[in-house]
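Me: Please take one part of this structure and go through it closely, explaining the terms along the way. After that, set it beside some other parts of the chain.

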Amino acid sequence: MSVSTVFDELSWRGLVAQTTDEAALREALEGRITVYCGFDPTAPSLHFGNLVQLILLRHLQRAGHRVIGLVGGSTGLVGDPRPSSERTLKTKEQTAADVERIAVQVRRILDVDEANPPQFVNNLDWTAPISALDFLRDYGKHFRVNQMIKKDAVAARLESDQGISYTEFSYQILQALDYLHLYREYGCTLQTGAQDQWGNITAGTDLIHRVEGGSAHALTTPLITDSSGRKFGKSEGNAVWLDPSMTSPYAFYQYWLNVEDASVVMLLKVFTDRTREEIEELERQVRDEPFRRTAQRTLAEDVTTLVHGVEATEAVKQASAVLFGKEDPSGLDAGTLRDAVAELPRAEVALDSELVDALVATGLAESRKAARRTIGEGECRSTTRRSRTSTRACRPSTSCTDGRLCSSGDASRWLRWISSAERDEPAGPRTRPAHRPLTSRFGVHAKVVLEFSTFTRQGGTDEIGPAAERPVPRRNEPDTADHANSVKRGVAPGRNSLVGLPPGSQRERPTGAGLLGPDRENNHRHRRTSDKVLTWRVSDA
């Protein structure tokens with residue numbers, strides 16, 4: 001990409017929302033400028049929205065411009081004001097630790113080009129030595145309160161009952177100070193950020209003009225939303241993080257794979273380096289052959305590779321194939337498999353229960369009679385071995401990497417025992433279900449936890465799709481909102497309850513069906529039918 005066309009490229013990709021002066025910025029980009037973007041440690045990891053800014057910097061860097069990645073060691077101690085409420089201040093030690101983690105992510109994603117290497121800075125280095133008096137005299141005097149209170153977030157807080165503290169009110173002065181410092185030290189004349197940062201960025205351009213008499217630019221990216229206007233970057237109410245300990249590579253890949261057809265082309269433009277010709281071809285396939293989901297797979301592979309690397313991407317693709325019975329699970333590493341099953345809801349049955357009880361407890365069979373029939377007909381298979389006895393006890397395997405694929409017809413379930421070593425919580429902030437280590441004999445109170453998830457089958461292809469969360473109540477139990485909420489949390493509302501069954505469950509299953517499978521008669525281009533993947537794990541009661 002040449003420097004003369006970079007603005008047009010960014011505009012085509014949907015990465016331009018606002019600029020201070022488009023004509024002047026276009027002219028500046030015809031030469032070689034220095035641009036920066038800042039990342040505050042409001043969490044231990046960057047997230048979906050931050051990735052947009054890093055990709056924007058990558059485009060500018062490849063066009064020959066100098067880029068600076070700033071991590072907010074000082075601004076992170078104060079906190080950018082939110083329109084809703086005051087932020088909870090973290091300790092200096094917590095902030096310093098988060099700065100280090102985020103700096104690693106920024107360095108990994110920005111291209112390390114020896115001919116045009118990026119610069120990495122921490123604003124605490126130049127902010128910490130400034131005394132309170134110097135801050136007020138040298139910088140505060142250039143800001144007018146009547147202008148500061150017009151910023152969207154500040155105005156919203158002033159109208160609320162909670163108000164706004166002076167600490168957060170002064171945030172825009174700190175961010176403006178960063179721009180001024182980089183202007184003086186590195187000749188930086190462009191700051192980028194999300195659209196909601198417009199006020200803070202323009203505070204910096206104004207400060208440069210007042211103090212130095214110079215001219216600087218601002219460029220913001222639009223908020224990324226789906227066709228319904230819902231903000232991207234959230235998965236079931238949780239942010240999509242770049243740190244693998246907070247959002248596993250498997251869950252990260254699945255998030256992109258499940259993108260709707262109406263949004264996938266837009267996301268390909270924003271988050272990948274695919275050319276116009278490649279994206280136009282993928283757009284044609286979305287229009288003419290949506291059931292193949294080629295665009296979604298391309299998006300998922302490209303973004304996961306960018307964030308987590310080639311090896312992690314191949315591992316999660318293999319995990320998807322294993323869950324659908326396309327590959328032998330023995331070749332899959334335990335960590336990736338653990339991440340795959342960590343996303344699943346769970347139900348419990350007692351250790352040493354019969355296999356028939358396990359099938360009924362999880363809703364894979366509607367009754368013990370149906371479960372025995374399914375097993376007796378050889379329709380319950382464990383990897384390549386058919387299970388023909390309903391009295392087989394639910395017991396752990398001897399190897400932590402040993403797995404079982406339970407399937408019937410086109411429906412597949414992944415059954416796996418997890419050893420005590422794997423049950424140990426990994427380092428990092430990622431939240432997982434708490435389990436105590438297993439005992440050598442598991443004890444009389446040990447339980448088997450059966451985990452299962454819904455996957456989507458489209459147009460005869462096995463693609464993991466969004467989980468269907470329509471609860472099926474127990475017999476004689478009303479389908480209440482409380483029941484639905486219990487199911488969504490993965491909590492069984494009662495003994496022998498059917499937890500989180502998808503479409504194709506016992507009320508819709510054809511007579512005589514064994515394990516839940518896809519609706520073969522209606523498995524056509526535009527219909528989604530569901531399979532369920534099951535995991536067995538052992539825990540102490």
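Reply: Gln175 counts as buried because its relative accessibility is 7%. Buried stands for under 20% relative accessible area, exposed for over 50%, and partly exposed for what lies in between, with a 1.4 Å probe and protein chains only. The model is predicted: local features need pLDDT of at least 70, side-chain atom pairs count only at pLDDT 80 or more, and totals for chains, interfaces and linings use all residues. Residues are numbered from 1 along each chain as its sequence is written, and side-chain values use heavy atoms, with hydrogens and water left out.

Gln175 belongs to helix H11. Helices (H or I, at least four residues) and strands (E, at least two) are DSSP runs, numbered from the N terminus. Neighbours within four places in sequence aside, Gln175 is in contact with Tyr36, Thr75, Gln191, Gln197, Asn200 and Ile201; contact means heavy atoms within 4.5 Å.

Tyr171 is in the same helix, H11, which covers residues 171-186. With 4% relative accessibility, Tyr171 also counts as buried. Its contacts, again without neighbours within four places in sequence, are Asp40, Thr75, Val78, Gly79, Asp80, Pro81 and Asn200. Thr75 and Asn200 therefore appear in the contact lists of both Tyr171 and Gln175. In UniProt, an unreviewed entry places the feature "binding site" at Tyr36, Tyr171 and Gln175. UniProt positions are given in the numbering used here, feature names are shortened, and annotations may be inferred rather than shown by experiment.

Next come some other parts of the chain. Thr19 lies in strand S1, residues 18-19, and is buried at 18% relative accessibility. The side chain of Thr19 reaches the backbone nitrogen of Glu22 at 3.4 Å. This is a polar contact, a pair of N or O atoms within 3.5 Å; within protein, one must be able to donate a hydrogen and the other to accept it, and residues adjacent in sequence count only if both atoms are side-chain atoms. Not counting residues up to four places away in sequence, Thr19 touches Phe7, Leu25, Trp198, Ala218 and Leu219.

Val270 is part of helix H14 and is buried, its relative accessible area being 2%. Residues up to four places away in sequence aside, Val270 touches Arg13, Leu15, Val52, Ile55 and Ile224. Val270 and Leu56 are 214 residues apart along the chain, yet their C-alpha atoms are separated by 8.6 Å.

Helix H14 (residues 261-271) also meets helix H16 (residues 294-308): the axes come within 10 Å and cross at roughly 35°. Axes are lines fitted to C-alpha atoms, for helices over the stretch in contact, and angles run from 0 to 180 degrees between N-to-C directions. On the H14 side the contact is made by Asp261, Val264, Leu267, Leu268 and Phe271, and on the H16 side by Ala295, Gln296, Thr298, Leu299 and Val303.

Asp125, in helix H6 (residues 124-127), counts as exposed at 57% relative accessibility. Asp125 and Gly72 are 53 residues apart in sequence and 9.9 Å apart in space, C-alpha to C-alpha.

For the whole protein, there are 22 helices and 16 strands. Buried residues make up 51% of its 541 residues. Of the contacts between residues at least 6 apart in sequence, 74% join residues at least 24 apart.
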